[in-house]
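Q: I'm new to this one and would like a close look at a single part. Could you walk me through it slowly?
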Amino acid sequence: MSEVQERIQRQLDTLVGTGAESGVQVAVYRDGALIVDAVAGTADPATGRPLTSGTPIFSFSTGKNVAATLGHLLVARGLLGYDTPVTDLWPEFGAHGKDTATLRHVLTHTVGLPAMPREITPAELPDWPRVCAALAGAEPRWRPGIAMGYHSYTFGYLVGELARRATGRPVRELLREWITTPLGIEGQLCFAAPQELLPELARLEQQERQWPAAPDDAEAILAPWESRPSAGFGNDADILRSDIPSVAIATAHGLAAMFNALLRGELVDPARLSGLAFEGVDRVFGTLARMALGFPLGRIGAPAEENSAAFGWPGGGGSYAYADPARGVAFALTKTRLVPDFGTALSVTAILADHLAGTR
C-alpha cells in the first residue's frame with residue numbers, strides 16, 4: 001500500500017468510524033497510474049451491505065462531467081462544432097430569441113435556461129420528449145452568450161438532445177459506446193441504469209437537520225428540487241432507470257478513469273478542455289464563475305497561489321471529480337451520505353495536495 005493510499009484510506013476509515021460519513025469511495029490517477037483506490041463504509045445502512053470500490057453510487061452534478069465530455073466527443077467525432085447553432089439540429093429551440101444559441105453556449109452555461117420550465121418537476125424528468133419540448137419552447141432569462149448562470153438540470157438535456165439529434169441515439173448508449181466500453185469501466189459510469197444493475201447500487205441517506213432551510217423566495221431562479229439534492233430523488237427507481245444526464249450513477253474509479261483518459265488524450269484533445277471560455281458573475285448563485293468549455297475552472301479549496309488549472313464539477317451532497325493537467329492528476333470522490341458542504345472532499349484533497357507537494 002502506497003503512502004498516499006494509506007493516508008487517504010485512514011482518513012476514510014476515520015470519517016466512517018466517527019459517524020461523519022456512512023460510505024465513501026476515492027480514486028486518484030497520477031500520470032496515468034492509479035495511485036489511490038480507497039473505500040470505507042456501507043452501501044446500504046439498512047442491510048449492512050459493504051461498500052466496495054465497484055459499488056455504483058448515484059451522484060448529482062458530478063454527472064455533468066460526463067455530459068460535458070460527451071459534448072466534446074460530438075465535436076471530436078465531427079458531428080458538430082462548438083459554434084454550431086443549436087437550431088441546426090434542433091430547429092424548434094429557436095423560439096423566443098434562442099436561435100443564436102450554440103454548443104459553446106450550452107457548455108458554458110450561458111444559454112439562458114438555468115432552470116426547468118415550472119411545469120417540469122422531478123416526476124416529468126424521465127419523459128425525455130416532454131422535457132426537451134418544454135426547453136425548446138421556453139423563454140430565456142438572457143440572450144444566449146451574454147451571461148452565465150448554473151444550468152442545474154437543463155444542462156444535461158441540452159447536451160443530450162443535441163447528441164440524440166446528431167447521432168439518432170440516446171445518451172446512455174453513447175456513454176457506453178464512446179466512454180465506458182473503450183475504457184473498460186462498464187457498470188461504473190452510466191445514465192439510465194439497466195434493471196439488473198439496480199440491486200447493486202448504493203443507497204443514499206440524508207439527515208434533514210443538517211441542511212439550512214430553503215429560502216422562501218418566489219424570485220429564486222431554481223426550484224428547490226433543482227438547487228438541493230435529495231436522497232429520495234437519488235434512490236427512486238424511475239429516476240435511476242432514466243436518462244437524466246446532469247446527474248449520473250458512478251463509482252469514484254469510473255469518474256477518475258474518465259478524467260485520466262481526458263488528460264491523456266485518449267478521448268479528445270486535452271487542449272480543448274481547460275482554457276478559459278467565460279468569466280463573470282453566476283446569475284444563479286451570485287458568485288464569480290470561471291468556465292472552461294463544459295467545466296468550472298479551479299480546484300475546490302485550492303490556495304490562490306496555486307492558480308489551479310483543474311477542471312471538473314462537484315456534486316450536491318459532497319461528491320467531487322476533477323482533472324488537474326498541471327499535476328497530471330485525475331480525482332474523484334463519491335459518497336452515500338448527502339451533506340450541505342464539501343468537508344470530506346476538502347480533507348481528502350488536502351492529503352493529496354500534501355503528497356503531491358512532497359513528490360515534486
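At what angle do the axes of helix α2 and helix α7 cross, and within what distance do they come?

A: Quick groundwork: this is a predicted model, where local features need pLDDT of at least 70, side-chain atom pairs count only at pLDDT 80 or more, and totals for chains, interfaces and linings use all residues. Residues are numbered from 1 along each chain as its sequence is written, and side-chain values use heavy atoms, with hydrogens and water left out.

Now the helices (DSSP runs of H or I, at least four residues, numbered from the N terminus). Helix α2 covers residues 63–76 and helix α7 covers residues 171–183; their axes cross at roughly 75° and come within 11 Å. The axes are lines fitted to C-alpha atoms over the stretch in contact, with angles running from 0 to 180 degrees between N-to-C directions. That crossing makes α2 roughly perpendicular to α7 (65 to 115 degrees).

Who touches whom? On the α2 side it's V66, T69, L70, L73 and L74, and on the α7 side V171, L174, L175, W178 and I179, where contact means heavy atoms within 4.5 Å. Sorted by class, that contact has nine nonpolar residues, one polar and no charged ones. Here Ala, Val, Leu, Ile, Met, Phe, Trp, Tyr, Cys and Pro count as nonpolar, Asp, Glu, Lys and Arg as charged, and the others, Gly among them, as polar.

Elsewhere, the charged end of K98 sits over the ring of F93, 4.8 Å from its centre (the rule: NZ of Lys or CZ of Arg within 6 Å of the ring centre and within 35 degrees of the ring normal). Also, F259 and F295 are both buried (under 20% relative accessible area, 1.4 Å probe, protein chains only).

Notes
Buried < 20%, exposed > 50% of the residue type's maximum accessible area, 1.4 Å probe, protein only. Helix = DSSP H or I, 4+ residues; strand = E, 2+ residues; numbered from the N terminus. Parallel < 35°, antiparallel > 145°, perpendicular 65-115°, else oblique.
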